[in-house]
Each structure stands twice: as structure tokens, then as C-alpha cells.
Amino acid sequence: MINQSEYFQRWIADLSKKQTRVRAPEPVVEGRLTRMVGLTLEAIGCEAAVGTSCNIIAPGNHSIEAEVVGFSGDKTYLMAMGESRGLIPNAKVIPVGHSSSIEISDGFLGRVIDGRGRPLDGKGPIKVNHDMAANMPLAGKPINPLMRDPIKQPLDVGVRAINSLLTVGRGQRMGLFAGTGVGKSILLGMMTKYTEADVIVVGLIGERGREVKEFVQDILGKDGIKRACVVAAPADSSPLVRIHGAMLATSVAEYFRDQGKKVLLLMDSLSRFAQAQREIGLSISEPPATKGYPPSVFARIPQLVERAGNGQAGQGSITAFYTVLTEGDDNNDPIADAARGILDGHIVLSRQLADMGQYPAIDLESSVSRVMPMVTNENHISQSQQIKQLYSIYEQNRDLINVGAYQQGTNPVIDQAIAMQPHIQAFMRQSMNEAVPFKRSQQMLADLIKSANQLGQPDVNDV
């Protein structure tokens with residue numbers, strides 16, 4: 001028997017479980033806009049963490065989204081995500097209170113979006129499968145380097161010179177160093193169409209707006225776009241949107257990597273990403289360091305690049321190509337030098353070769369793939385080294401050969417390099433409408449070595 005007192009105690013406890021407590025929302029402390037100089041907005045009276053969003057209320061209740069990029073004392077520094085025209089002094093600044101993230105699913109394939117995740121292709125809203133979707137932060141989730149799968153398998157990119165002489169591994173991060181107008185976009189397009197990767201993510205960051213449509217329609221085409229997602233943040237976007245575009249492209253690649261896919265990430269360009277960060281840093285009075293680049297630029301680049309690569313065991317891989325614009329064809333540009341030390345190899349495109357009509361204009365002597373020994377066999381490595389040696393010997397003696405100062409028969413190694421030069425040039429050339437699979441590339445390299453052996457096999461140390 002339950003006495004009356006115990007009965008009422010149970011009844012009260014059961015009633016309290018059924019009741020829903022209503023908590024009053026935490027008050028939002030609004031600030032006001034006090035200063036606007038260039039790209040920087042200053043506000044006082046609001047507390048918001050760096051990286052979180054705020055809404056600035058312009059006249060007519062028009063809301064402008066901004067992100068906190070710094071603070072000093074009671075001042076909060078913001079930067080508008082879009083156009084800041086129309087703002088007035090003392091405009092309300094309302095913290096939203098969340099960091100930038102986006103829900104990603106398979107619906108992103110076949111779509112072209114901007115740096116804020118909004119569709120640009122006129123196909124309507126992106127369909128998100130909530131059962132398969134994941135909320136991915138733009139800043140990414142770091143992976144313990146000891147938990148990553150090692151790079152052991154090659155990735156077929158469909159380009160003969162890269163497959164055979166600069167073999168790329170799944171999960172490798174390569175730099176594509178080029179000046180303006182030497183064919184880097186065409187080379188990216190070839191890899192996009194002919195790669196064996198399951199998913200392609202293209203980040204067009206800070207480039208000309210007209211190139212977006214050209215890349216999607218002429219280079220990718222209807223078949224290529226089906227397994228691709230293009231993130232476009234052209235040059236007329238705010239520096240914050242360009243930064244977010246690069247981060248969003250990487251987040252999309254991370255989502256598909258976590259699904260076990262082989263992802264090819266192509267970002268054009270890493271230099272524009274660095275320039276956007278320079279604009280942000282200088283606008284909040286960060287001191288310039290090397291050639292006007294503040295220290296935050298050289299901290300941001302590895303934070304972005306290190307997100308690519310292999311995932312943990314059972315996950316997929318992100319093989320990334322980052323184009324680096326070498327201003328004035330200077331490969332010792334600060335951004336190029338910083339990227340070279342972080343990436344797992346670099347492919348240099350030569351203006352001289354492009355002017356000669358060789359496409360892709362790969363400078364074999366200046367290019368290297370650091371993981372090639374890990375993903376190929378000894379015979380393949382030996383053959384590629386032999387071709388590189390012949391190419392390098394010819395380049396070292398090019399001036400003597402062209403002016404007629406070298407007499408044939410003086411050095412058998414140079415004679416062989418001269419005889420092989422037309423064959424190597426033909427091997428390096430490839431039409432943008434031609435795909436050469438990995439195994440076919442290896443066979444053509446073996447055939448090239450046979451041609452070299454027929455011309456004699458002198459000791460390279462004789463040079």
C-alpha cells in the first residue's frame with residue numbers, strides 16, 4: 001500500500017517531468033556603427049567573437065551582413081560581406097552569434113555557387129538531402145597528422161606529361177606556378193575532364209568574372225559539370241567573400257572526402273586568396289611585412305592548404321592543385337616561395353614554351369613531384385629521370401647549340417640530348433581534347449626510352 005503522502009510526491013514529480021520550462025532568450029546587446037574607412041567598419045557597444053556574423057541595419061530596414069575581423073579595446077572591426085553603400089553613422093549593429101558554416105550534401109554536384117553558398121547557375125535552390133547532409137564549418141576540422149592515410153596510390157589526371165614524368169598521388173597537394181596567359185586554365189580544364197577522381201571541386205577565386213562562364217561551359221561542359229561543384233568568387237567580390245569562397249570549396253571537398261570519395265580540388269588561384277587576406281589585414285592596420293603582405297597571409301595559406309590530403313582510415317582523399325600566379329614570371333615571389341615550401345610538389349609553366357606553341361607549357365627542369373617515388377615503381381622512376389636528364393642537358397647547352405658554337409660529335413651525351421629533343425617535345429605536347437590515361441602514359445614513356453636507347457646510351461656523367 002502506498003500512503004497518501006508518497007502518492008502526492010510521485011504525482012508532483014511526474015507532473016514536473018511533463019512540464020516544459022520556458023527560458024527567456026538571452027538579450028542581444030546591440031551596438032552602433034561609428035566609423036567606416038575603406039573596407040573597415042568600426043562599431044562600439046556590441047561584443048562579438050572574431051569570425052562571427054553581425055547584421056548592420058541600414059536606412060529602410062535594409063540589413064547588411066558583416067563579419068567580425070578584429071577588435072581593439074571597446075571597438076569591434078567588421079567587414080561587409082557584400083556592398084556597404086547606404087550605411088550611415090550610428091546604424092544598428094546586431095550580433096548574430098554564430099560562426100560561418102554551411103549544410104552540404106550531394107545536391108552540390110552539378111551546381112555553380114558563389115562564395116556564400118548561393119546558386120549562380122539559375123537552376124533554383126540547391127536540393128539538400130538532410131539524411132546525407134552535414135553541417136560543415138568553413139574553417140574546417142583539423143585532422144591529427146598521425147591519423148591520415150599515407151599517400152600510396154597514383155591519381156590519373158589524364159595529362160601524359162604529368163602522369164609519366166610528374167606522377168601525382170592520391171591526397172597530394174600540388175602547386176601550378178604560372179604567369180598570366182601561359183595556359184594554366186586550359187591545363188586545369190584538362191585535368192577536370194579527364195581525371196579518374198569521383199568528384200571535382202573547382203574554386204575560381206579572384207579571377208575575371210567572364211572566366212567563370214567560359215570555364216563551366218567551354219572547359220567543363222555538360223558531362224564534366226555532372227560530377228563537379230564550382231565555387232566562384234570573382235575579382236569584384238569583397239575580399240571576405242573571396243576568402244570564404246576558397247574555404248567553402250575546401251569544405252565541399254572535405255564533405256565528399258568524408259563520404260569515401262576520391263576528390264580532385266582545383267583552386268585558381270592561391271595568390272588571389274593571399275591578396276584578399278592582405279586587403280583585410282591592411283584595412284585593420286596590420287603591419288605589412290614582405291612586399292606588403294602582412295604576417296596573417298603567411299599564416300592563412302598553410303591553414304587552407306593543410307585541409308587537403310588523405311582522410312583517416314576508411315575515408316577518401318583530396319588531391320589538390322593550387323595555381324600560384326608568379327607576378328612578372330618571378331618564381332621567387334613571396335607567395336610562390338611560401339607555397340613551394342608547404343606543397344608536395346610544383347609544376348612550373350614556362351612562358352617561353354607557351355610562346356613556342358607547346359601546350360601544356362610544362363617546364364620539366366623546374367618541376368617536381370615529391371611523392372612520385374611513393375606511388376610508382378623503380379622502373380618508372382628510372383625512365384622519368386632519364387628523360388629529365390636529357391631535357392636538362394639540352395636546356396643547359398641551348399645557347400651554344402642555337403648559335404652553332406657546339407660541334408656535333410664533341411660530346412655523345414649532348415648529341416643524344418639534341419637528337420631526342422624533338423621526341424621529348426612531341427611527348428610533352430597534348431591537345432586539350434585528348435585524354436591519355438595513366439597506363440597509356442607509362443607505355444608511351446617506355447616507347448620514348450626505347451627511342452633514346454636506339455640513339456645510344458652514353459654515361460650522363462660524361463657531361
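This passage describes strand pairing, a buried helix, aromatic contacts and cysteines in a predicted model.

In the predicted model, six strands form a closed barrel in the order S1-S2-S5-S4-S3-S6, with antiparallel pairing. From one strand to the next, the twist averages 45°. Within this barrel order, strand S2, which spans residues 40-44, pairs with strand S5, spanning residues 75-80, in the antiparallel sense over five bridges. One of the residues involved is Ile44, whose bridge partner in S5 is Lys75.

A parallel arrangement is found around strand S12, which comprises residues 228-233 and is mostly covered, six of its six residues being buried. In a regular strand the side chains alternate between the two faces of the sheet. In S12, Ala228, Val230 and Ala232 point one way, whereas Cys229, Val231 and Ala233 point the other way, and all are buried. Strand S8, formed by residues 111-114, runs parallel to S12 and is joined to it by four bridges, while S11 and S12 pair, likewise in the parallel sense, over six bridges. Val231 of S12 takes part in both pairings, as the bridge partner of Ile113 and as the bridge partner of Gly203. Cys229, on the face of S12 that also carries Val231, has a relative accessibility of 0% and therefore counts as buried.

Helix H3 (residues 184-194) is largely enclosed by the rest of the structure, because eight of its eleven residues are buried. These buried residues are Lys184, Leu187, Leu188, Gly189, Met190, Met191, Thr192 and Tyr194. The elements against which they pack include two helices, H2 (160-165) and H4 (209-225). The buried residues of H3 also pack against strands S10 (173-178), S11 (199-205), S13 (262-268) and S15 (317-325). Strand S11 is thus a packing partner of H3 and, through its six bridges, a parallel neighbour of S12.

The aromatic side chains were examined next. A pair of aromatic rings is described by the distance of the centres and the angle of the planes. Two aromatic pairs are present in the structure. In one of them, the ring centres of Tyr255 and Phe256 are 5.0 Å apart and the planes stand at 80°, so the pair is edge-to-face. Tyr255 is buried, with a relative accessible area of 1%, and Phe256, at 1% relative accessibility, also counts as buried. The pair formed by Tyr293 and Phe298 is likewise edge-to-face, with 6.3 Å from centre to centre and 70° between the planes. Here Tyr293 counts as buried at 4% relative accessibility, whereas Phe298 is partly exposed, with a relative accessible area of 27%. The ring of Tyr293 has a further partner in Arg278, whose charged end sits over this ring at 4.3 Å from its centre. In another arrangement of this kind, Arg160 lies over the face of Phe427, at 5.6 Å from the ring centre.

The cysteines were considered last. A disulfide is a covalent bond between the sulfur atoms of two cysteines. The structure holds zero disulfides. For Cys54, the closest cysteine sulfur is that of Cys46, and the separation of 5.3 Å is too far for a bond, given that a disulfide requires the sulfur atoms to lie within 2.5 Å. Cys54 is itself buried, with a relative accessible area of 0%.

Key. Residues are numbered from 1 along each chain as its sequence is written. Side-chain values use heavy atoms; hydrogens and water are left out. Buried means under 20% relative accessible area, exposed over 50%, partly exposed in between (1.4 Å probe, protein chains only). Contact means heavy atoms within 4.5 Å. Two strands pair if DSSP finds at least two bridges between them. Axes are lines fitted to C-alpha atoms, for helices over the stretch in contact, and angles run from 0 to 180 degrees between N-to-C directions. Rings of Phe, Tyr and Trp (its six-membered ring) pair if their centres lie within 6.5 Å; planes under 30 degrees apart count as stacked, over 60 as edge-to-face and the rest as tilted. A charge sits over a ring if NZ of Lys or CZ of Arg is within 6 Å of the ring centre and within 35 degrees of the ring normal.
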